[in-house]
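Welcome! Here is a friendly walk through a structure that may be new to you. Take a look at the sequence and the model, and then read on.

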Amino acid sequence: MARYFKKRRKNAGPNKNEEKVQRAADAHSRESSGGVLGVRYPFVKHLKVTLQFLSAQQQLLEEKVMDLKPNDTYRFDASCPGRCGSGHFDFSEAIANAVAKHRTLSENGGVCPQPLFVGAAQTCGCQAKCRIELDFLPEPALPTEPGPTA
């Protein structure tokens, strides 16, 4: 006599491993997408970042200007427009230093260290120049306590 077997019910959603991978990807995208400027730097009124990318021959490849207010979202990284095709520049540390030291103007730069192709000794050499202009909100005045009266 043949036995009757009930068919397995197909899973409607992703399995545990797929959910785990998706959570990690979401966390990574949240970290890399930046956030709201006013939340990260509450005393910054206005931030202007000018990025210039120069080739190894000092020719201007690209120029970007970011004009940010406290409610704007930010991302302080950029991909290299040079010959390597896979370089990456991150200016978040330079901006954090400028904010921490209350500098209204700061200039930084860097060179792309990526090789032109796998196994090549020659690097991309693309230069990035970053000019950071900051406007700060006025510091809140400390309340003064009344002194003893005579």
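## Cysteines without bonds

Let us start with a pair of sulfurs. In this predicted model, the sulfur of Cys 84 has its closest cysteine sulfur in Cys 112, at 3.7 Å, which is too far for a bond. A disulfide would need the two sulfur atoms within 2.5 Å. Cys 84 is itself buried, with a relative accessible area of 13%.

How many disulfides does the count come to? The count is 0. Cys 80 is another cysteine in no disulfide, and the nearest cysteine sulfur, that of Cys 124, is 3.8 Å away. Like the residue we began with, Cys 80 is buried, and its relative accessible area is 7%.

## An open sheet of four strands

Now to the backbone. Strands of a sheet pair through backbone hydrogen bonds, and they may do so in parallel or antiparallel fashion. Here, 4 strands make up an open sheet with antiparallel pairing, and their order is 3-2-8-7. If you follow that order from end to end, you meet the edge strands, strand 3 (60-68) and strand 7 (105-111), each of which pairs on one side only. On average, neighbouring strands of this sheet are turned by 15° against each other, direction ignored.

To see one of the pairings in detail, look at strand 2 (residues 44-54) and strand 3: they run antiparallel and are joined by 8 bridges. In this region, Gln 52 stands opposite Glu 63 of strand 3.

## A helix on the sheet

Which strands does helix 3 touch? Helix 3 (residues 92-100) packs on the sheet and touches strand 2, strand 7 and strand 8 (127-136). The direction of helix 3 makes about 30° with that of strand 8.

A serine gives a closer view of this part of the model. Ser 106 belongs to strand 7 and is buried, at 8% relative accessible area. Setting aside residues up to four places away in sequence, Ser 106 touches Ala 98, Cys 130, Arg 131 and Ile 132. Ala 98 falls within the residue range of helix 3, and the other three fall within that of strand 8.

## The nonpolar core

The largest nonpolar core holds 27 residues. Leu 37, Leu 47, Phe 76 and Ile 95 are the ones with the most contacts inside this core. Two or more residues come from each of strand 2, helix 3 and strand 8, and strand 2 gives the most, with 5 residues.

Ile 95 is a good place to look around. Leaving aside neighbours within four places in sequence, Ile 95 is in contact with Tyr 41, Leu 47, Val 49, Phe 76 and Ile 132. Leu 47 and Phe 76 thus appear both among these contacts and among the residues with the most contacts in the core.

## Aromatic rings

The structure holds 3 aromatic pairs. In one of them, the rings of Tyr 74 and Phe 76 have their centres 4.6 Å apart and their planes at 20°, so the pair is stacked. Tyr 74 is buried, with a relative accessible area of 9%, and Phe 76 is buried too, at 6%.

Are the rings of Phe 89 and Phe 91 stacked or edge-to-face? With their centres 6.3 Å apart and their planes at 15°, this pair is stacked, because planes under 30 degrees apart count that way. Phe 89 is buried at 6% relative accessible area, and Phe 91 is buried at 7%. Together with Phe 53, these two phenylalanines form one aromatic cluster.

## Loops worth a look

Finally, visit the loop between strand 2 and strand 3. Gln 58 sits in this loop, and its phi is near 65°, a positive value in a residue other than glycine. Gln 58 counts as partly exposed, at 44% relative accessibility. Ser 55 lies in that loop as well, but Ser 55 counts as buried, at 9% relative accessibility. Beyond its neighbours within four places in sequence, Ser 55 is in contact with Leu 61 and Gly 125.

Another positive phi is found at His 102, with a value near 55°. His 102 is located in the loop between helix 3 and strand 7, and at 43% relative accessibility this residue counts as partly exposed.

Conventions: Residues numbered from 1 in each chain as written. Predicted model: local features only at pLDDT ≥ 70, side-chain atom pairs only at ≥ 80, totals over all residues. Heavy atoms only, no water. Phe/Tyr/Trp six-rings, centres within 6.5 Å; stacked < 30°, edge-to-face > 60°. Buried < 20%, exposed > 50% of the residue type's maximum accessible area, 1.4 Å probe, protein only. Pairing = 2+ DSSP bridges. Axes fitted to C-alpha atoms, helices over the stretch in contact; angles between N-to-C directions. Contact = heavy atoms within 4.5 Å. Core = buried A, V, L, I, M, F, W, Y, C linked by side-chain atoms within 4.5 Å.
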